[in-house]
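The following exercises concern the structure shown below. Each task is followed by a solution worked step by step.

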Amino acid sequence: MADQYAPPLKNGQPEFIPAIRWEEPPEGPVLVLLDQTRLPAEEVEWVCTDAPALVQAIQTLAVRGAPVLGIAGAYGVALAAVRGFDVDEAANALATARPTAVNLARGVERAREAYRKALEDGAGQDEAAAAALAEARALHREDAEAARLMAGYGLELLDELLTGGAHRILTHCNTGALVSGGEGTAFAVALEAHRAGRLRRLWVDETRPLLQGARLTAYEAARNDMPYTLLTDNAAGSLFAAGEVDAVLIGADRIAADGAVANKVGSYPLAVLARYHHVPFIVVAPLSTVDEDTPDGAAIEVEQRPGHEVTEFAAPQAAAGGEPGGGIPLAPLGTQAYNPAFDVTPPELVTAIVTEHGVVSPVTADALAELCARGRQE
Ligand code: MRU
């Protein structure tokens, strides 16, 4: 098996630049990211030679989305180890770069543990660094495989729940190859439906304020020749009312033990709308996003982002994180903004959670615990 997920080839060339890859040029190993703040205008790479650069990439959303944050975190630890930096210092900074997606800290811990264990077993520094890198690569491969399996289970579920041959799916934020070692989570299901000739329309929420839907999901949908339409987040209600949505598919940043789902802010209102309109609300996420140590939705830490992301309009590379005052004002100077990056949908509004180990529906703490236990055994 290849070391890393290999993107599909078109005319012998990779069809797209992967979200993340490890490279070993003569100057020394680097982690190369596709800078998501520059999409869709330009495909620019962000080259990290140390963990602080990666922390900055994570905080400015150059790399973002739960599964790939886990992969990035693991490679970040490997990078620190291979380049002889303080591994614990790097791991601590990476694990806490953003708080909500549990995958980040998990990926970091996997690589740190591999490094530690190798040292405990008598390995030298180089060998221990190689162990951390091997762990990051394993996580990358596993995530690609999880994406493939979720796409299959997700499409089966859609076919089961929906009558009619082709589905109109509403999605929020960005959940495709940009967030994954493979083809993503919710987006991968829509893509699978498209490839099977069963996607009638992908409705893409623009996802205020950083526009992950407009900039990234529309980019991925276009790249895959999918039938898609962009809408402002607040147009979703009228779309449901017009009977134009067959299912909502979203990803997750953290799923609590009771099945509560933290995902991009704006997901919870979609769940409420979906329930009112009797439309399935489906969450697609690998088991690495399920956090059995977080008992319920109230215990999930939701990242609060700077207000200027809401009160100003800036190019995304300046908007995410950047300095206030850099963009076109959308509100009077000094306006306070409420800008949580995520919201939490209670389990009773979630029709199903699709994972690489199967589907949980109805969503209960017991069913989720059982799936996690099965996942650990397989
Ligand atoms: O702030 P972001 O862009 O990192 O938020 C990402 C999301 O909310 C995604 O929907 C989530 O990580 C799931 S990705 C499979």
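**Exercise 1. Describe how S9 and S12 pair, and place them in their sheet.**

Solution. Step 1: S9 and strand S12 (residues 281-284) run parallel and are joined by three bridges. Strands here are DSSP runs of E with at least two residues, helices are runs of H or I with at least four residues, and both are numbered from the N terminus. Two strands pair if DSSP finds at least two bridges between them. The model is predicted: local features require pLDDT of at least 70 and side-chain atom pairs pLDDT 80 or more, whereas totals for chains, interfaces and linings use all residues. Residues are numbered from 1 along each chain as its sequence is written.

Step 2: Within this pair, leucine 249 has isoleucine 282 of S12 as its bridge partner.

Step 3: The open sheet has seven strands in the order S8-S7-S6-S9-S12-S17-S18, and its pairing is mixed. Strand S8 (228-231) and strand S18 (358-360) are the edge strands, each pairing on one side only. From one strand to the next, the twist averages 25°; axes are lines fitted to C-alpha atoms, for helices over the stretch in contact, and angles run from 0 to 180 degrees between N-to-C directions.

Step 4: Helix H6 (residues 186-195) lies across strand S6 (167-171), strand S7 (199-205), S9 and S12, and runs at about 160° to S6. Contact means that the C-beta atoms of two residues, placed from the backbone, lie within 7 Å.

**Exercise 2. Trace the pairing of S17 and the directions of its side chains.**

Solution. Step 1: S12 pairs with S17 in the parallel sense over three bridges, and valine 283 stands opposite isoleucine 353 in S17.

Step 2: S17 and S18 run antiparallel and are joined by three bridges. Isoleucine 353 has valine 360 as its bridge partner in S18, and a hairpin through two residues joins S17 to S18.

Step 3: In a regular strand the side chains alternate between the two faces of the sheet. In strand S17 (residues 352-355), Ala352 and Val354 point one way and Ile353 and Thr355 the other way, and all are buried. A residue is buried if 20 or more other C-beta atoms lie within 10 Å of its own, exposed if 12 or fewer, and partly exposed in between, with C-beta atoms placed from the backbone.

**Exercise 3. Which strands stand at the edges of the sheet of four strands, and what lies across S11 and S16?**

Solution. Step 1: The strand order of this open sheet is S13-S10-S11-S16, with mixed pairing. S13 and strand S16 (342-345) stand at the edges; each has a single partner strand, so one side of each is left without a neighbour in the sheet.

Step 2: S10 and S13 run parallel and are joined by two bridges, with alanine 256 opposite aspartate 291 in S13.

Step 3: Helix H9 (residues 267-276) lies across S11 and S16, at about 35° to S16.

**Exercise 4. Are aspartate 253 and aspartate 296 buried or exposed, and what does each touch?**

Solution. Step 1: Aspartate 253 lies in the loop between strand S9 (247-250) and strand S10 (254-256). UniProt, in an unreviewed entry, places the feature "active site" at Asp253; its positions follow the numbering used here, feature names are shortened, and annotations may be inferred rather than shown by experiment.

Step 2: Aspartate 253 counts as buried because it has 30 C-beta neighbours inside 10 Å. Beyond four places in sequence, the contacts of aspartate 253 include Ala66, Thr100, Asn263 and Phe342.

Step 3: Aspartate 296 is in the loop between strand S13 (290-291) and helix H10 (308-311). Aspartate 296 counts as partly exposed because it has 15 C-beta neighbours inside 10 Å. Not counting residues up to four places away in sequence, aspartate 296 touches Ala256, Asp258 and Ala260.

**Exercise 5. Characterise the shell around the ligand.**

Solution. Step 1: The ligand is surrounded by 18 residues, the closest being Arg64, Ala66, Cys173, Gly251 and Lys264. A residue is near a molecule or strand if its C-beta atom, placed from the backbone, lies within 6 Å of it.

Step 2: Helix H2 (66-82) and strand S11 (261-264) each supply at least two residues of this shell.

Step 3: By class, the shell has eight nonpolar, seven polar and three charged residues. Ala, Val, Leu, Ile, Met, Phe, Trp, Tyr, Cys and Pro count as nonpolar, Asp, Glu, Lys and Arg as charged, and the others, Gly among them, as polar.
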